[in-house]
Amino acid sequence: MSHKQTFHVFIILLYIPPLLYFLYSITTMLPQHFLTLFFFLLLSCNTLTSTSLQSLEKQETFDFVRPIDRKLLSLNKKEKLSHFRFYWHDILSGKNPTAITIVPPPLKLNTTTYFGSVNMFDDPLTIGPQLSSKLVGKAQGFYASASQDDFGFLMAMNFAFIEGKYNGSTITILGRNSGINKAREMPIIGGSGLFRFARGYAKATTHWFDLKTGDAIVEYNVYVFHY
């Protein structure tokens with residue numbers, strides 16, 4: 001039984017005893033007085049029920065969504081803009097690739113863009129272009145070929161940092177990555193940890209690409225507003 005149904009039953013039970021007493025006591029009254037009291041009682045019951053139901057609905061709505069103080073989420077701090085620069089290593093070759101194809105392109109499609117294919121990756125993020133340089137985090141997500149006419153990928157990934165105070169915090173990227181362009185931009189749609197309520201964009205620039213293996217090193221410049 002819902003809250004509203006329970007409330008209706010309660011209201012009915014509440015008014016039954018007074019109503020019975022009222023009917024008993026008015027048997028000796030004049031008809032005119034009887035009608036007056038009857039309609040007055042009926043109007044009172046309807047008004048009280050409507051008011052109580054409105055209060056109950058407001059309470060249920062408050063339980064679902066309610067305004068809160070920005071300070072509770074540390075949003076009273078001044079928003080700042082940070083610039084991060086690192087290199088993304090997408091390795092498909094060798095014994096320990098960091099990116100693998102989980103959905104190959106459909107064979108029935110005559111396309112040169114690998115339309116429909118999906119790659120999942122867990123790519124190292126380093127300070128410099130060399131894979132041996134300092135590791136600052138991982139890029140974890142997938143890219144899917146979403147264009148039949150050119151190399152346009154749907155890119156969804158988290159930059160999961162392990163460096164300094166940003167250890168455990170993430171920045172989330174979701175956008176179009178046009179592989180044929182040397183530089184491309186993708187929006188930041190959020191984050192976690194120190195990047196809660198993050199917004200901004202990431203600029204990706206191809207540093208190196210191997211046509212034979214598909215391995216790539218991409219420089220990322222990330223501009224992010226956060227608290």
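Begin by selecting strand 4 (135-145) and strand 5 (residues 152-161); these two strands pair in the antiparallel sense over nine bridges. They also form a hairpin, with six residues between them. To check the register, display Gly-137, which stands opposite Phe-161 in strand 5. The model on display is a predicted one.

**Strand 5 and its other neighbour**

Keep strand 5 selected and add strand 6 (residues 170-178); the pairing here is again antiparallel and runs over nine bridges. Two pairs of residues serve as markers along this contact. Met-155 stands opposite Gly-175 in strand 6, and the bridge partner of Phe-153 in strand 6 is Asn-177. Next, colour strand 5 by relative accessible area. Seven of its 10 residues are buried, so strand 5 is largely enclosed by the rest of the structure.

**From strand 6 to strand 7**

Extend the selection to strand 7 (residues 183-192), which runs antiparallel to strand 6 and is joined to it by four bridges. Strand 6 and strand 7 form a hairpin with four residues between them. Ile-173 is a useful residue to label here, as it stands opposite Ile-188 in strand 7. When following side chains along these elements, recall that in a regular strand they alternate between the two faces of the sheet.

**The nonpolar core**

Now show side chains for the largest nonpolar core, which has 26 residues. Select Phe-86, Trp-88, Met-157, Phe-159, Ile-171, Tyr-220 and Val-222, the members that touch the most other members. At least two residues of this core come from each of strand 1, strand 3, strand 4, strand 5, strand 6, strand 7, strand 8 (199-209) and strand 9 (216-226).

Centre the view on Phe-86. Leaving aside residues up to four places away in sequence, Phe-86 touches Leu-125, Thr-126, Val-136, Phe-159 and Phe-161, and also Val-218, Glu-219, Tyr-220 and Val-222.

**The largest pocket**

Turn next to the largest pocket, whose volume is about 820 Å³. Its lining consists of 27 residues, and those nearest the pocket centre are Tyr-143, Phe-151, Phe-153, Phe-209 and Gly-214. Phe-153 has already appeared on this tour as the bridge partner of Asn-177.

Which strands should be selected to view the lining? Strand 1, strand 3, strand 4, strand 5, strand 8 and strand 9 each supply at least two of its residues. The largest share, three residues, comes from strand 9. Colouring the lining by residue class gives 15 nonpolar, 10 polar and two charged residues.

**Two loop residues with positive phi**

Finish with two backbone positions in loops. Select Ser-74, found in the loop between helix 2 (31-64) and strand 1 (80-90). Although Ser-74 is not a glycine, it has a positive phi of about 60°. Is this residue buried, partly exposed or exposed? With a relative accessible area of 33%, Ser-74 is partly exposed.

Then move to Tyr-114, in the loop between strand 2 (99-103) and strand 3 (118-126). The phi of Tyr-114 is near 60°, again a positive value in a residue other than glycine. Tyr-114 counts as exposed because its relative accessibility is 51%, where the cut-off for exposed is over 50%.

Terms used:
Residues are numbered from 1 along each chain as its sequence is written. This is a predicted model: local features need pLDDT of at least 70, side-chain atom pairs count only at pLDDT 80 or more; totals for chains, interfaces and linings use all residues. Side-chain values use heavy atoms; hydrogens and water are left out. Two strands pair if DSSP finds at least two bridges between them. Buried means under 20% relative accessible area, exposed over 50%, partly exposed in between (1.4 Å probe, protein chains only). A nonpolar core is a set of buried Ala, Val, Leu, Ile, Met, Phe, Trp, Tyr and Cys residues joined through side-chain atoms within 4.5 Å. Contact means heavy atoms within 4.5 Å. On a 1 Å grid over the protein atoms alone, a cavity is a set of points where a 1.4 Å probe fits but cannot get out, and a pocket is an open set with protein on both sides within 12 Å along at least five of seven lines; lining residues have an atom within 4 Å of a point. Grid points are joined across faces, edges and corners, and a volume is the space filled by probe spheres set on the points. Ala, Val, Leu, Ile, Met, Phe, Trp, Tyr, Cys and Pro count as nonpolar, Asp, Glu, Lys and Arg as charged, and the others, Gly among them, as polar.
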